[in-house]
Amino acid sequence: MAFFHRVRSLLTRRLTAPTNLSLSLHPMSSFTQEEASKAAPSEAPGHNYESLQVTAVQKHVLHVQLNRPEKRNAMNRAFWREMVVCFNKIAQDPDCRAVVISGAGKMFTSGIDLVDMASDIFQPQGEDVARISWHLHNLISKYQETFSVIEKCPKPVIAAIHGGCIGGGVDLITACDIRYCAQDAFFQVKEVDIGLAADVGTLQRLPKIIGNQSLVNELAFTARKMMADEALNSGLVSRIFPDQEVLLEAALALAAEIASKSPVAVQGTKINLLYSRDHSVAEGLNYMKSWNMSMLQTKDVIKSVQAAMEKKELKTITFSKL
């Protein structure tokens, strides 16, 4: 009983203590900065793609990079297929606990590769309207899954955006959990300029992220650029950094910080945040009860509380794979 009183007292102090959030360009603790800068990245096993490069940058953290810099990371057929394969593998990878996604070269992405995708979009298969429509319905469903798979992945995904994030790029980052950007970043819901409505996630996710329907409508109707400062003020991104190098360093440090926590706690948090976003408060609370009636029985709770009582950093605790 004395032990449980000590645990309850400790948890009460920790939960009611004021939070001190640093506003420096390097917000994470020193250990994550060191972890992020250790051994050179190596290609992640089982991840060999044409349009993506996946590296294991540090323990429990993967870096997924859009890797067509010569084409401004335009999204070709390979990209739409490989993103699904990549994130389905990550979702099932017990060694991965956090992901950073970025773009190689001068910008995050220029959006859909119209040259490579032209035949799919402008010359769909089918001998009549019904069959063409059915084919397009299936095709759009596949394209939607390219970004929904990021949201379905239980591992937190951090988008690190520099330069242009255009068209499909906005669809991609709105499916991510956290968004950081460089000062040179800009965002465009570009689809109306090519004669169509955005159909793979932006119109559904962006209003829930920034909570300003008027601004969403303005961006979607005009395809105007949203610059980094406006993106921060609107809530699209949570931090701005002076350049790509500092941006990526901060994103990897954040990923390392997340990866040091209990994977049961972190992944359960993501799943319940997403469920609550799309349901009422009462439904979210009911779902949470059902979730935690089993997850509270994890050994991770005892390990985390014991570390806090002994004033140890969580990076020194070994949590089992999940």
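Two residues count as being in contact here when heavy atoms of theirs lie within 4.5 Å. Keep that in mind as we walk through this model, which is a predicted one. Take F187 as a starting point. Setting aside the neighbours within four places in sequence, F187 is in contact with I161, C165, V170, I173, C181, R224, K225, M226, A231, L236 and V237.

F187 also turns up when you look for the protein's nonpolar interior. The largest nonpolar core has 53 residues, and F187 is listed with F87, I101, I150 and L172 as those with the most contacts inside it. Helix α3, residues 77–91, supplies the largest share of this core, with seven residues. Apart from this core lies another one, made of 19 residues, including Y180, F241, L254 and A255. As background, nonpolar side chains tend to be buried together in soluble globular proteins.

Let's zoom out for a moment. The protein chain has 322 residues, and buried ones make up 47% of them. Its secondary structure comes to 13 helices and 10 strands. Take the contacts between residues at least 6 apart in sequence: 70% of them join residues at least 24 apart. As for the outside, the chain exposes about 17,000 Å², with carbon and sulfur atoms supplying 57% of that area.

Now for the aromatic rings. A pair of aromatic rings is described by the distance of the centres and the angle of the planes. The structure holds seven aromatic pairs. For F79 and W80, the ring centres are 5.8 Å apart and the planes meet at 85°, so this pair is edge-to-face. Both F79 and W80 are buried. F79 also pairs with F147: here the centres are 6.2 Å apart and the planes are at 50°, so the geometry is tilted. F79 sits in helix α3 while F147 belongs to helix α5 (residues 129–152), so the pair ties together parts that are 68 residues apart in sequence.

How buried are these two rings' residues? F79 has 2% relative accessibility and so counts as buried. F147 is buried as well, with a relative accessible area of 0%. Ring pairs link F79 and F147 with W80 and Y143 into a cluster.

Rings can have charged company too. The charged end of K225 sits over the ring of F186, 4.3 Å from the ring centre. K225 is also on the list of contacts of F187 given at the start.

That brings us to charge pairs proper. Side chains of opposite charge can pair when their charged atoms come close. A search of the whole structure finds 15 salt bridges. One of them joins E151 to R277, where the closest N and O atoms are 2.9 Å apart. This pair links distant parts of the chain, with E151 in helix α5 and R277 in helix α11 (residues 263–277), 126 residues apart.

Is E151 buried or exposed? With 16% relative accessibility, E151 counts as buried, because the cut-off for that label is under 20%. R277, at 33%, counts as partly exposed. The two residues also belong to a network of salt bridges that links E151, R205, K208, R277 and D278.

Another salt bridge involves R224, which we met among the contacts of F187. R224 pairs with E218, and the closest N and O atoms are 2.6 Å apart. Here both partners are partly exposed: R224 has a relative accessible area of 25%, and E218 has one of 36%.

K312 and E310 form a further salt bridge, their closest N and O atoms being 3.1 Å apart. K312 is partly exposed, with a relative accessible area of 46%, and E310, at 40% relative accessibility, is partly exposed too.

One last stop is K71, found in the loop between β3 (61–66) and α3. Its relative accessible area is 46%, so K71 is partly exposed. Which residue can you pair with K71 to see a separation of 8.5 Å between C-alpha atoms? The partner is D113, 42 residues away from K71 along the chain.

Definitions and conventions: Residues are numbered from 1 along each chain as its sequence is written. This is a predicted model: local features need pLDDT of at least 70, side-chain atom pairs count only at pLDDT 80 or more; totals for chains, interfaces and linings use all residues. Side-chain values use heavy atoms; hydrogens and water are left out. Helices (H or I, at least four residues) and strands (E, at least two) are DSSP runs, numbered from the N terminus. Buried means under 20% relative accessible area, exposed over 50%, partly exposed in between (1.4 Å probe, protein chains only). Accessible areas come from the Shrake-Rupley method with a 1.4 Å probe; for residues, only the protein chains shown count as cover. A nonpolar core is a set of buried Ala, Val, Leu, Ile, Met, Phe, Trp, Tyr and Cys residues joined through side-chain atoms within 4.5 Å. Rings of Phe, Tyr and Trp (its six-membered ring) pair if their centres lie within 6.5 Å; planes under 30 degrees apart count as stacked, over 60 as edge-to-face and the rest as tilted. A charge sits over a ring if NZ of Lys or CZ of Arg is within 6 Å of the ring centre and within 35 degrees of the ring normal. A salt bridge is a side-chain nitrogen of Lys or Arg within 4 Å of a carboxyl oxygen of Asp or Glu.
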